[in-house]
Structure formats: C-alpha cells, structure tokens
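Student: I have a structure open and don't know where to begin. Can you walk me through parts of it?

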Amino acid sequence: MPDKTSGKAHKITHLLNQLDKQVFYHPKIVLGLILLVTVFFAAQIPAVKIYSDFADLLPQTHSYIQLHNEIKESFGGANVIIVGVEVEDGDIFSNETLARIHRITQAVDRLPGINHNLVTSLTHRNTRKVWLTNDGNVNSEPYYDPAQTDLSAERLATIRQEVSADPRVYGPLISPDLHMALIKGQLNEGKLDYAETFKQVQELRTKETAPGIRIFATGQPILVGWAYQYLDQVIQIFLFTALIMVLLLIFYFRNVYGVLVPLAGVIVSCIWGLGIISLFGYNLDPLGLVIPFLISARAMSHGIQLVERYYQELAIDPDPHKASRKTFENLFRPGTLGVVSDAIGLLLIAIGSIPLNTKLAHYASLWALSLIVTVLLSVPLLLSILPKPKDTLIKQTFFRGIGTFCASIISSKKAAVVALIGAGVLLCGGWFASSRVVIGESEPGSPILYQDHDYNISSTEINDRFPGSEELYLVAETDSKGGIKRPEVLHALGDLQKHMLLDPEVGGVKGIQGLVKQVNRLLHNNDPRWDQIPKDSSYVGGLMFTYMMSNPIPGALNEFVDPNERMANLVFYYKDHRGETIRRAIHTAKQWIAENEGKVEGLTIRLAGGTIGVTAAMNEAAYETNLKVLPLAFLLIFTFVTIFYSSLAAGLMMFMAMLFATSLTYGYMGMTGMGININTVPIIAVGIGVGIDYSIYMMDRIRTEMVTLKSISSSVKRAITTTGQAISFTVLTLISGIVMWVILSDLRFQADAALLLIVMVILNAIAAMILVPAWVLVFRPKFICAAYEDEDGVIHSFSPSAALSSHKIAQGGTTCPAEQGQ
C-alpha cells in the first residue's frame, strides 16, 4: 500500500504535475500554438456587429409573448413610436398646427419598417367623424382634409367641437387641454434599422420645431435609437479605461514586466473573446457592453496576481524559469477555480428564457474560460522565456499597505470573532434592506436613461397630458366565428372594463364594446339612453357593419376585432411601466378572470400584450431567472470548491463569503431603488462568480503558508500581507475597468450596472480580506491546519493520523481541531 503522503497516492494530481513539467519544458511551442489560435480568432473579429434586436429582449416561451407574437401584426405590439406635438399658446386647432401635425403623420408613415395599417393621428385618413344623416344613413369623413389648408375660424371651431365630442379622439389622440396631439406608429418587429428610424425622427423633430411648438418622441424604437447614439462614447470609455489601467500598472509595479505582461494577457483574451462572438454569429448589444469590459478587467487582475507572485518567488529563488513555474504551480489551480466560478455565474444566465441573456451566457462564459489559457497559462510561460528582470525589488506603494492594515485588524482570534459577529449584523441589515427590492422598474420612464434625458422628459410630458403611453392589451377570444358579436360576450367585456378602471392608474380604455355602444347611440339621434349593448347578435353585427361601411378606408374595425370577429382587443392605457404598476394591472386582470371564468360559454380572456404585457413577461422571466440563478450559482461554486479541496469546510467558507456579499448587494439595490429586471440579473450573476475569486485566492494562500509556517495566526497574517496586497490592487484594477461607465456614460443603465458591480467587488474583497481569515482563525478547518506537501510539491488536504500528530499549531501549542462533519 503506497504512502498516503506520496504523490503516487494521488494519481490525478501526479499526472497533472507531470503535464505541468512538459508544458514548461517546451514553453515556446505552447506559446506558439496559443499565438496561432490568437491569429485565427483575430481574423474573425471584423464580422462582429453591434446592434439591438427587440426580439432578443423577449422571453419567447412566456404565454404573454406568445400572445404578443400572435396579435402584433393585427392589433399591434410593443414596438411603438409616439410623437407629441405641443402648442404652448392657444390650442392645436389652427391651420398652421394642423398642417404641421399632418406633415409629421405622413413622415411617421414613411419610417422604415412602419406598419402602415397601425398609424393613427388626428389628421390621419382613418380618424373620421361619423354622423347620422337626415335620411337615416350613416356617413363619415376625415376630421382633416390636407387639401384645405386655409380654414376659417368658424370651421376650426367646428372641428374643435366635433373632436371634443368624440371619445375615440379626445383623450387618446388629443389632450384634454387641447394643447397637444399625438401621432402613433407601430414598427414591424425583426432586425429593424433603429439607427435610421431614430435619425429620421430626430430630423423630423428638428425640422418641425418652431417658436411656441415643442415636439416630443418616445417609445421602444426611440429608446434603442438613443442607445445607439452613444456608441462613440464607448470608444472614449475604452480609451480612458486603457489609460487608467496602464497608469495603475506603472504606479504599482514601476517596471516593464509589471506593465506589459498583464497587458499582453488582456489583449490576447480580448481577441479570443471577440473571435468567439464572431464564430457564434452573435451580435454585441449596446446595453450589454459592460460585461466584456468586466471580463477584460478580470484578465488584467489575474495577470497582476501572476506577476506579483512571480516577483515574490524571485525573491526566494533568483532563477526566472523556476520562479515562473512556481508561480504557475501555486496560482494555476486556485486561478482556474476562480475562472470556472466566473464562467458558472455567466453560463447560468442562459437558464432564463430571454434570448439576449442566453447569447450573453454562451459567449461570455467561453470568453471567461479562455482566461485559463490566455492568462493563467500564457503569462507564466511568457515570464519563463523572458530574461530575468534587472530590478526584482517590489516597490512599496499605498495599495500594498492595505494588506498590512487588514492583517493588523485580524490579528487574533478575539478580533476574528468580533469581525464575524459584525458580518452577521451587516448580513441581517442586508436582508432587511433587500426586502425593498422591486421586480421591474421602481420609477417612471426608462431606467436605461437618466430622468432629465430628452427621452424621459418626452415620456413624462406625454403621460401627464394623456391617459398614458403604456398600453395593456387583453385579448378576448371566442370559440366560433363571429363570437365577439354575442351580447353576453360584449357585456362581459364591459364588466371587465369596469373592473380594470377601478385601478386609479388606468387613464383610459378602448374596446369593441365601447364602439358598439357609441354607434348604437349615434343611430338613435345621439340619445344617451341608447348608449347600451343590443340584445341581439345580428343587431350588434349591423352596428359593426354600419361603422365599417361609414368608413371608406378598408380595415376600420381592425384595431378592435380580427377579420373573423372571433377575437377582440381591449386596450388599457397606463402612465408608466413601473414594477408596481404592472403587477397591479396584471393582478387586477387575473382577479376578474378567476371570478368570471366559465360564466360566458366559449369566452376566454388572454393575457397580455402591448408594452405593459411585454414588460410584465420580461419582469416575470427576470424574477424566475433570479430565483434559479442565485441558488444554482451558490450550489455549483460550493460543490466545486468542496471537491477541489476535498473539504466540506472549504465549500462552506466560500458559501458564507458569497452569502455576505450577495445579501449586502441586494440591500444596496433596495436602498437605491434598483429593481430586478432583465438588465440587472446578469450583473448579479456575474458579480457572484467574479467576486468569489478573491476569497478562493486568500483561502488557498493561507493553506499554502500553513504548510510552511505551521502556525495558524502567522499563516493568516502572511497571507493577508501578500495575497491581500494583490487582491487590493486587483480590486482597484477591476473597478478602474468599469468605473468610466459611471463617470462618462450617458446611458444610466450602464452607469448603474457598473456601480452595482463595483459594490459587489468591494463587498467580496472585504469578505476575502477580513471574513475568510477570521473564519480560519475561529474555526481552524482541518483542510488548512492539516495540509501537507507531497513529493511533487503539491499540497493536499488529507493527512494520515501519523502525519497529523506532527502538525502542532505554534499558537498556544495546541493541535488544530478536526473540522466538523469530516
């Protein structure tokens, strides 16, 4: 039976050790192969494109999105453009303003990708006055005739009066104060040319703005267009970030190797990452660019760890080849574990049903994994073939003092107990604050842009004047052709409308039941007593036919019912799409459905379309993804660490570090009003994987020092003052890689995402520098205290009883207690 302290007792580890030797025997060959792969990936980069696809934002398996896909061509979708024309003095009923509204309407109808059947405005040909003639016929005509541009004051007053009496126009298209008119258009979904659409809308606004006239624009295509406007800013941020990183490296290392070697690793990893994106055929979304920057910063931080350790090894052994190999042996395994943790956090994003996050998960996790080759392997090999640096003395800087300071804080078991109790108090505070985190948005407007941005100002102005620009579609579906004409169906829809209007956030409603009542009243000399739904299906059909025939433009009923009159669309208008507003809207609809389901034979109410329905689906998908991603990330990282160190205590230590940082992160989100949505869930998942690296490095270094020093307190202090120095600087490097998004980006989401990552990085650094050492000092886990080095120089957690008796802990002359559960 082989000696358990021998390398032969650990065959896999022994095999890996032999592989290490072969790699370092032929460093130039290995680096040459890496260079060839890098050249291959570099050739793929020109094919990478930066654009947004609206469909990528939608969870396609969600029932709301399936309904949205069914009705978007007939009733409309969420890709809506809304242009508001405001008159500051007087009202819109002047020749000049009506002509301006008509020109804008025509321009919207000419936008690329516009659905011409779903353009509406006061001056559009489909917006018509309907009346009963003296001989009993129903007639209609447009409110505005573009051929008549010089109307008298009396005629303008008549139009004003007629519009004010038409609930289909007054309110939905004309503001109650008559100062603003809306032009609405729907874009056909797919790979739309958002940039060109936005450009034309902005040119239109510039052209039609005049003294006393303000033009507003809102809607998803406008929002994406604004995001495109800041692509040049990304280049500026990249340049500033690169400059800051180089300056930090110069300040920290103050030598050529310390600057150029980590930069080489970053450049190679970026080439591999962009090449991977190209090979997948994916696009870079402008809103997701923070993640690639973060991965690049991670490459930099791993490179810094390696170069820092290389100089430490040179101080022990001046042979550069041996120092580089020792660096590789000491950091490759914990570094790989850290990279795998990063990749796990990224890959788990694909669990959700949002295509954008699935694409991000695929290429970002592979990009992160590539750091094993591009940085963890390449940097030590590069150092092994480079000449020994002339100056091997590590300069003392402010950042190196952080490790010494933290070591002085956690200097005894008593101090460690205080630190753990303090962490427990903060943990409880984080749980309390996290209860305030909302699902979705916490404020009106778009969180992608700042509140004082032109887009959010436009949204606010339009929502303040109108029932609301955010639409909720509830689709009534019957089981037979013409089923919508049944009186009991229309009465049910009317009851649903009354129920929804109990919500004070509902600004208005549009539906076939209201139209039928309006036409019925019109045919009876506008007598309010006839504002009711007839008792006969054929009579209802006659009213619908009368309205359709009064309009010479085909498709007059298309916005209300489908051609078979089997489905009807009820539109409810809301002023914002905050998480609270959406939850209340969906809950109110579900409440009515639950109470009335089955009461009308063959009638089904389906949720939900429009901007509110689509956003509700996205919020629910983000919430479900969040519920799955966090536990799985914790479980997988816990499992990998436990297996890697053959110790339950190691996994538990990392679990507590993740719990501390993640709980306080959610507490920060609760205090700042940041919601859980499709944009923040990937950031949180990435932050978990990235942040745990520091704790892994710290735990591994304490274990390494314990083999040499045989003293738990000395090992902790030495680890904090050495690895802690590198952690403090890599934290700063990581922050510098994304902080320019906070300072320079005009896209609020990018700034908030970067700030959230910075908070997570800092919290994880605190966990690594203080909580992990404190945990080791208090609980003295066996996998650290009883660690030993085999004949190959590889450290193992297991020690046979004979060897364990020799592991005396210098502190107090006690033996390290066995860890619980082993």
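Tutor: We can go through a sheet, a loop residue and a surface patch. This is a predicted model, where local features need pLDDT of at least 70, side-chain atom pairs count only at pLDDT 80 or more, and totals for chains, interfaces and linings use all residues. Residues are numbered from 1 along each chain as its sequence is written, and side-chain values use heavy atoms, with hydrogens and water left out.

Student: Ok, the sheet. What order are the strands in?

Tutor: The open sheet has 4 strands in the order β3-β6-β2-β7, with antiparallel pairing. Strands (E, at least two residues) and helices (H or I, at least four) are DSSP runs numbered from the N terminus, and two strands pair if DSSP finds at least two bridges between them.

Student: Which strands stand at the edges?

Tutor: β3 (114–120) and β7 do; each has a single partner strand, so one side of each lacks a neighbour in the sheet. Neighbouring strands are turned by 20 degrees against each other on average, direction ignored. Axes here are lines fitted to C-alpha atoms, for helices over the stretch in contact, and angles run from 0 to 180 degrees between N-to-C directions.

Student: How many bridges join β2 to β6?

Tutor: There are 7, between β2 and β6 (residues 180–187). Ile-82 stands opposite Lys-184 in β6, and Glu-86 is opposite Met-180. With β7 (residues 213–218), β2 pairs over 6 bridges, and Val-87 faces Ile-213 there.

Student: Is β2 covered on one face or both?

Tutor: Both: Val-80, Ile-82, Gly-84 and Glu-86 on one side and Ile-81, Val-83, Val-85 and Val-87 on the other are all buried. Buried means under 20% relative accessible area, exposed over 50%, and partly exposed in between (1.4 Å probe, protein chains only).

Student: Which helix lies across β2, β6 and β7?

Tutor: Helix α16 (residues 454–465) does, at about 105 degrees to β7.

Student: New topic. Where is Met-674?

Tutor: Met-674 sits in the loop between α22 (648–672) and α23 (680–709). Met-674 is buried, at a relative accessible area of 12%.

Student: What is Met-674 in contact with?

Tutor: Leaving aside neighbours within four places in sequence, its contacts (heavy atoms within 4.5 Å) include Val-437, Asp-752 and Leu-756. Leu-756 is 82 residues away in sequence and 9.3 Å away in space, C-alpha to C-alpha.

Student: And Leu-632, buried or partly exposed?

Tutor: Leu-632 is partly exposed, at 32% relative accessibility. Leu-632 lies in helix α21 (residues 610–645).
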